[in-house]
Amino acid sequence: MWAGESVGVEGQVMNVLQTNKESGAGTLPVAPGRFDSIEYSEQFLTVAGWMFSPGRALDTFRLKVNGAQIGEEVVPEAREGVQKKFGVPEALNSGFRMRAVAPEKTFRNWAEVEVCGRVGGQDIGQISMLYRPDYQAALVEAPAELRFRVTGSRNSIGVYWLAGLQTFGKFYRAITRYGGPDPVNRLLDWGCGCGRVTGVLLKYLTGVEVHGCDIDREAVEWCAANFPTGHFTAVAPHPPTTYADNTFNVVTGCSVLTHLRRELQFDWLKEMNRIIAPGGLLLVSVHGDFAAASFNNRPEVKTEVETVGISDRTPDHILDGIAPDSYYRGTFQSKAYTCQEFARYFEVIDYIELGMGNLQDLVVMKKA
Ligand SMILES: C[S@@+](CC[C@H](N)C(=O)[O-])C[C@H]1O[C@@H](n2cnc3c(N)ncnc32)[C@H](O)[C@@H]1O
């Protein structure tokens, strides 16, 4: 159970967050980037991934654990695929690969791993995540087809799990920061898919009743069979759900609104407001301004986001046969639009650009 700062998570996440607050870590803007792998073995931490800073070429990277640098700075490696995806020159030299000694006691539990991109000896952007070396032991491998439906890629199970862990950390940070004094006892992972994030929430949040729901019945049934301590429900594509009023203290939704058209977002925000208890949190990701601008094969998306605030006309066929025809989209929206429109349903208490990882922004909302 959470009770303010005394967080009931297995392990010592809270200590890590407090250490970071003191060291000033996590105050840099989040840069576009991703961890491809993180491993800790025989006192060596090895991380690989990519990161760039829009408009500025990075000249070095440095690696930090719980706010303190370990190892030497390294120069960026070329990543042609990243440059092709984003279409800007500064995305070419964006690769990092670092290996450094880290004391064993640091990794007995949770640690914040952070990579900072530097220009002229100054940190100008970062990506970070909560990590513990044994986390994979807690997870169950979902079938490849179900994983494909939630990620749209055939990435390795390691990349898939790491992304789930990263998302867990982002939600966890927001809950501990904004959760308020009331204990969190019931959480819903809305759009849980095959449990990439729900599985981590179930493993590491102690004393919290964790629920998951999705419109993909097969994924929900797989979760129910493989996560016996969770509570899973298939929901209809349109609200209402069967949950009673004021059921949850927290609802998380990673990459759900990113697929819903404008009116449907409103319908679901209204439903979330009904099922979240007063003072409860809604934590959701959206494709914000950076994602819209990066969609370089469809420049009209960026134009529409800049002029109208939202672009919801890009079809996404990955749920064909599962979601109703033309239900599932690629939806992009400006920060200004999101903060203004979502405020009709919730108090928007934070908006963290790229704060969800995977190029998505994190919107933190509270029910009055
Ligand atoms: C991109 S996937 C993300 C899944 C999961 N949150 C994760 O991060 O692994 C989006 C999920 O939202 C589900 N979904 C879409 N619309 C939904 C809705 N209105 N209610 C519940 N789930 C929905 C999809 O079926 C899919 O599983």
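**View 1. Glutamate 112 and arginine 173 pair up in a salt bridge.** In this predicted model, their closest N and O atoms sit 3.3 Å apart; a salt bridge here means a side-chain nitrogen of Lys or Arg within 4 Å of a carboxyl oxygen of Asp or Glu. Glutamate 112 belongs to strand 7 (residues 111-119) and arginine 173 to helix 4 (residues 157-178), so the pair ties together parts that are 61 residues apart in sequence. Helices (H or I, at least four residues) and strands (E, at least two) are DSSP runs, numbered from the N terminus. The structure has 22 salt bridges.

**View 2. Polar contacts to the ligand's nitrogen atoms.** A polar contact with the ligand is a pair of N or O atoms within 3.5 Å. A ligand nitrogen lies 3.0 Å from a side-chain N or O atom of tryptophan 190, and for tryptophan 268 that kind of distance is 3.2 Å. With cysteine 254 it's a polar backbone atom that sits 3.0 Å from a ligand nitrogen. On its own the ligand exposes 600 Å², and the protein buries 99% of that (Shrake-Rupley method, 1.4 Å probe).

**View 3. Who's around the ligand?** There are 20 residues around the ligand, counting any with a heavy atom within 4 Å of it. Gly191, Arg196, Asp214, Cys254 and Tyr327 come nearest.

**Notes.** Residues are numbered from 1 along each chain as its sequence is written, and side-chain values use heavy atoms, leaving out hydrogens and water. Local features need pLDDT of at least 70 and side-chain atom pairs count only at pLDDT 80 or more, while totals for chains, interfaces and linings use all residues.

Terms used: Polar contact = N/O pair within 3.5 Å; in protein donor to acceptor, adjacent residues only side chain to side chain.
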